[in-house]
Amino acid sequence: MIIVKNSRELNDMRDACRISAQALQFAGESIKVGMTTGELDRKIRHFIEKQGATPSFLGYGGFPASACLSVNETVIHGIPGDRVLHEGDIVSVDVGAFYRGYHGDNAATFPVGKISDEAQALLDATRESLYEGIAQAVAGNRIGDISHAVQAYVEERGYSVVRQYVGHGVGTHLHEEPNVPNFGTPGRGPRLVPGMTIAIEPMINCGTHEIEVLPDGWTVLTKDRKLSAHFEHTIAVTTEGPVILTQP
């Protein structure tokens, strides 16, 4: 069942999304050569808790950290630990905050020092595909319009879309209906109505769309070990158009 929020519920949800956005921005500003992903995760957790919120991911389905930190060929769900960040790496930070009954959810891929032109082009295309998708999150459109916009943008530039993982509704639960794929056909899927809140999150690979899940059950890698990037916003569908709730 798709949960449609009223104006009061949307207003309540804004605070969780604001904290999530600030945590993501803080993470990006904290990244530096030589730090471990575990150090970065601890900083993110401290930041969220200092705002009076709880990290949405901590313990979710057994996930052992406050943020998913995915480096280079890791697509999503990277478990923070002893991995050291080196000059030229890219690191995807996926983080959410639970505050007064609601979740926010957002992600971005950040450079570590100076990165290659190939990596920068991937980041730029993935980020822009997110906004192409958001532009289609208009009342009366369908989920497939968002999905197709993301897919068309990146595939025209030679990238591939991860198929096994998708965006989703967000609200009192971190993952709600509907699913929001990053590939699809315009005019298909649930119709968008004011009050829907969804996380649009392109996961885009330099090479094949195929992935591999490590034995830990969480870490998702590109099958060909080429770079992957991930950007995400939680948005609200309104009568005035899409509103980005996770805007720092």
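This passage describes the helices, sheets and nonpolar cores of one predicted model.

The N-terminal part of the description concerns two helices and their connection. Helix 1 spans residues 7–30, and helix 2 spans residues 37–50. Their axes come within 10 Å and cross at roughly 145 degrees. The crossing of helix 1 past helix 2 is right-handed. From helix 1, the residues that meet helix 2 are Ile-19, Gln-22, Ala-23, Phe-26, Ala-27 and Ser-30. Helix 2 answers with Leu-40, Lys-43, Ile-44, Phe-47 and Ile-48.

The loop between these two helices contains Thr-36. Thr-36 has a relative accessible area of 15%. It counts as buried because this value falls under the 20% cut-off. Beyond its neighbours within four places in sequence, Thr-36 is in contact with Gly-81, Asp-82, Arg-83 and Val-84.

Ile-44 also belongs to the nonpolar interior. The largest nonpolar core has 60 residues. Ile-44, Val-93 and Ile-200 have the most contacts inside this core. Helix 1 gives the most to the core, with eight residues. In soluble globular proteins, nonpolar side chains tend to be buried together. With neighbours within four places in sequence left aside, Ile-44 is in contact with six residues named here: Phe-26, Ala-27, Ala-67, Leu-69, Val-93 and Val-95. Of these, Phe-26 and Ala-27 lie in helix 1 and take part in its meeting with helix 2. A second, separate core has six residues. Val-75, Ile-76, Val-162 and Ile-211 are among them.

Strand 14 covers residues 233–238. Six of its six residues are buried, so the strand is largely enclosed by the rest of the structure. His-233, Ile-235 and Val-237 point one way from the strand. Thr-234, Ala-236 and Thr-238 point the other way. Both sets are buried.

Strand 14 has two pairing partners described here. Strand 9 (residues 197–200) pairs with strand 14 in the antiparallel sense, over four bridges. Within this pair, Ile-198 has Ile-235 as its bridge partner. Strand 15 (residues 241–244) also runs antiparallel to strand 14, and four bridges join the two. Here the bridge partner of Ile-235 is Ile-244. Ile-235 is thus a bridge partner of Ile-198 in one pairing and of Ile-244 in the other. A hairpin connects strand 14 to strand 15 through two residues.

A further sheet is open and has three strands. Their order is 6-10-13, with antiparallel pairing. Strand 6 (160–161) and strand 13 (228–230) form the edges, each pairing on one side only. Strand 6 is joined to strand 10 (residues 203–205) by two bridges. In this antiparallel pair, Val-161 stands opposite Ile-204 of strand 10.

Helix 3 packs on this sheet and touches strand 10 and strand 13. Its direction makes about 35 degrees with that of strand 13. Helix 3 has 19 residues, numbered 117–135. From first C-alpha to last, the helix reaches 27 Å, close to the 27 Å expected at 1.5 Å a residue. Its buried residues include Ala-119, Leu-122, Leu-123, Ala-125 and Thr-126. Ser-129, Leu-130, Gly-133 and Ile-134 in helix 3 are also buried.

Key:
Residues numbered from 1 in each chain as written. Predicted model: local features only at pLDDT ≥ 70, side-chain atom pairs only at ≥ 80, totals over all residues. Heavy atoms only, no water. Expected span 1.5 Å × (residues − 1). Buried < 20%, exposed > 50% of the residue type's maximum accessible area, 1.4 Å probe, protein only. Contact = heavy atoms within 4.5 Å. Core = buried A, V, L, I, M, F, W, Y, C linked by side-chain atoms within 4.5 Å. Pairing = 2+ DSSP bridges. Axes fitted to C-alpha atoms, helices over the stretch in contact; angles between N-to-C directions. Left-handed = near helix turned anticlockwise from the far one by under 90°.
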